[in-house]
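Hello,

Here is the structure I promised to pass on to you. Please have a look at it first, and then read on for what turned up.

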Amino acid sequence: MSQATRIFLSLVLGLAAGIATAAYAPTGALRAADWVQPIGTMWLHALQMTIVPLVVSLLVTGIAASAAAARASRLAGRAFATFVVLLWVSSALGGALTLGLLAAFPLAGDMAAALATALGSAPPTGDVPPFSAFLVALVPSNPIAAAVNDSFLPLILFTTVFAFAITRLPDAQRTLLTGIFQAIGDAMLVVINWVLWLGPVGVGALAYIVGARAGTSAFGALIHYVVIVSAVGVALWLLAVPFAWLFARTPPLRFVRAILPAQAVAASTQSSLASLPAMLRSAEALDVPVARAGVVLPLAVALFRWTGPAMNFAVAIYVAHWFGIELGMGQIAAGWAAAAITTMGAVGLPGTISFVSSIAPIVIAMGVPIAPLALLVAVETIPDIFRTVGNVAMDVGATRAIAGEDAAESTEKKNGDQGPPLDFTEPV
């Protein structure tokens, strides 16, 4: 049984046990929830303790590797710049889509209140600082203090600057530092795997608490969450088609036909890395020279996760909605920036592994409670399918666009020999 399946089953069983116990012995169920609470809290803290070292190490190694690739060729440099811009666009789209969907289809007030009470995390209080204060706080006076106080956006900014500074060092020093951070990141991934191995215990405990205190509202809220976040993923996935049409001059039907094999692999494996061979064949079918696709696509798999900023930001906004937190412009801006930047150092592994490490910095930067992430990780399997197929589709579309003139000339030559190109209305 896979890790994700074990965690999901523990969520269902924990919720069912909590609801059933509350129905037959309400007082006993609440007393048991108080006893179980430390187990769930300890597991959540175990996940949280890996976040700062993992985010810092992955950002440093990710930026260093990307910068090295960009220096190696103009094509890689153009790909790097394109990916960075698209990640910021993805984050903005995710925020706008999620806020719009929640405005149109809000979580029922009784469900939200029951869940917030069950998790025992009160929303932050006090006045929201002005946007100017947010801008000043972006630059940390002490990066160590920022890490200690979970001030993630200033920490991310410092780490990004530090990572680019490493790329300007002599080879020996650059290799030494990136090697150290690579080792730290690998060690943290081992720790995360250990913590997730205990996931059924931690998630089961938290699920029991929510079931006992919130009742059946928990099931409805989790379904609502999956639908909202998956809808954002589907929207980003579908945008790959008009992107390929507008920026890669590839007719929609031809693009869809070319990426279908890679989409099948992505949906079944939930891994962009496992889909790389199929993506190379899709790029070849779109007349991208193998030599050029072999540069851009591996860089895309390592750095560019099109749906990541959008869906990670969506989760953070949903948690705020869950707790009835009215997000100010400063909080939204913090989430937008954190989602775009941290994705550059995200782990290229199934979403269950990278879920908390990718989203916790965004949640913390926005001042939103982190506790719900320990439950939401259990239902990440479904949104993760849309994450992966969307990433793979845009990877191929961006590769076709970045390949530029060489691929376009190849297409024109081929069409000159074989007839007119496919247009928007041409049947498959």
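Let me start with a small question: in which helix is the place of Leu 13? Leu 13 sits in helix 1, which covers residues 3-24. Please keep in mind throughout that this is a predicted model.

Leu 13 is exposed, with a relative accessible area of 60%. Together with Phe 8 and Leu 9, Leu 13 makes up a nonpolar patch on the surface, and the accessible area of these residues together is about 280 Å².

Now for the chain as a whole. The protein chain contains 21 helices and zero strands. It has 428 residues, and 52% of them count as buried. If you take the contacts between residues at least 6 apart in sequence, 85% of these join residues at least 24 apart. The accessible surface of the chain is about 18,400 Å², with 70% of that belonging to carbon and sulfur atoms.

Next, the interior. The largest nonpolar core has 124 residues, and the members that touch the most others are Phe 83 and Leu 373. Helix 16 (residues 307-322) gives the most to this core, contributing 11 residues. If you would like to look around Phe 83, leave aside its neighbours within four places in sequence: its contacts are then Val 296, Leu 299, Ala 300, Leu 303, Phe 304, Ala 398 and Ile 402. There is also a second, separate core of five residues, and Ala 29, Tyr 208, Ile 209 and Ala 212 are among them.

One helix I looked at individually is helix 8, with 15 residues from 152 to 166. From its first C-alpha to its last, helix 8 reaches 20 Å, close to the 21 Å expected at 1.5 Å a residue. The buried residues of helix 8 include Phe 152, Leu 153, Pro 154, Leu 155 and Ile 156, and further along Thr 159, Thr 160, Ala 163 and Ile 166.

Finally, the charged pairs. Side chains of opposite charge can pair when their charged atoms come close. How many salt bridges does the structure hold? There are three salt bridges, and here they are in turn:

- Asp 171 and Arg 174 meet through their side chains at 2.4 Å, N to O. Both are in helix 9 (residues 171-197), and because they are three residues apart there, about one helical turn separates them. Asp 171 counts as exposed at 52% relative accessibility, whereas Arg 174 is buried at 17%.
- Arg 254 forms a salt bridge with Asp 287, and their closest N and O atoms are 2.8 Å apart. Arg 254 belongs to helix 13 (residues 252-269) and Asp 287 to the loop between helix 14 (276-285) and helix 15 (290-303), so this pair ties together parts that are 33 residues apart in sequence. Arg 254 counts as buried, at 14% relative accessibility, and Asp 287 is buried with a relative accessible area of 12%.
- Arg 387 and Glu 380 meet in a salt bridge between their side chains, at 2.8 Å from N to O. Arg 387 is buried, with a relative accessible area of 9%, and Glu 380 counts as buried at 0% relative accessibility.

Happy to talk any of this through with you.

Best wishes

How values were computed
Residues numbered from 1 in each chain as written. Predicted model: local features only at pLDDT ≥ 70, side-chain atom pairs only at ≥ 80, totals over all residues. Heavy atoms only, no water. Helix = DSSP H or I, 4+ residues; strand = E, 2+ residues; numbered from the N terminus. Buried < 20%, exposed > 50% of the residue type's maximum accessible area, 1.4 Å probe, protein only. Contact = heavy atoms within 4.5 Å. Areas by Shrake-Rupley, 256 points an atom, 1.4 Å probe, with all protein chains shown as cover. Expected span 1.5 Å × (residues − 1). Core = buried A, V, L, I, M, F, W, Y, C linked by side-chain atoms within 4.5 Å. Patch = residues over 30% accessible without salt bridge, like charges linked within 9 Å, V, L, I, M, F, W, Y side chains within 5 Å. Salt bridge = Lys/Arg side-chain N within 4 Å of Asp/Glu carboxyl O.
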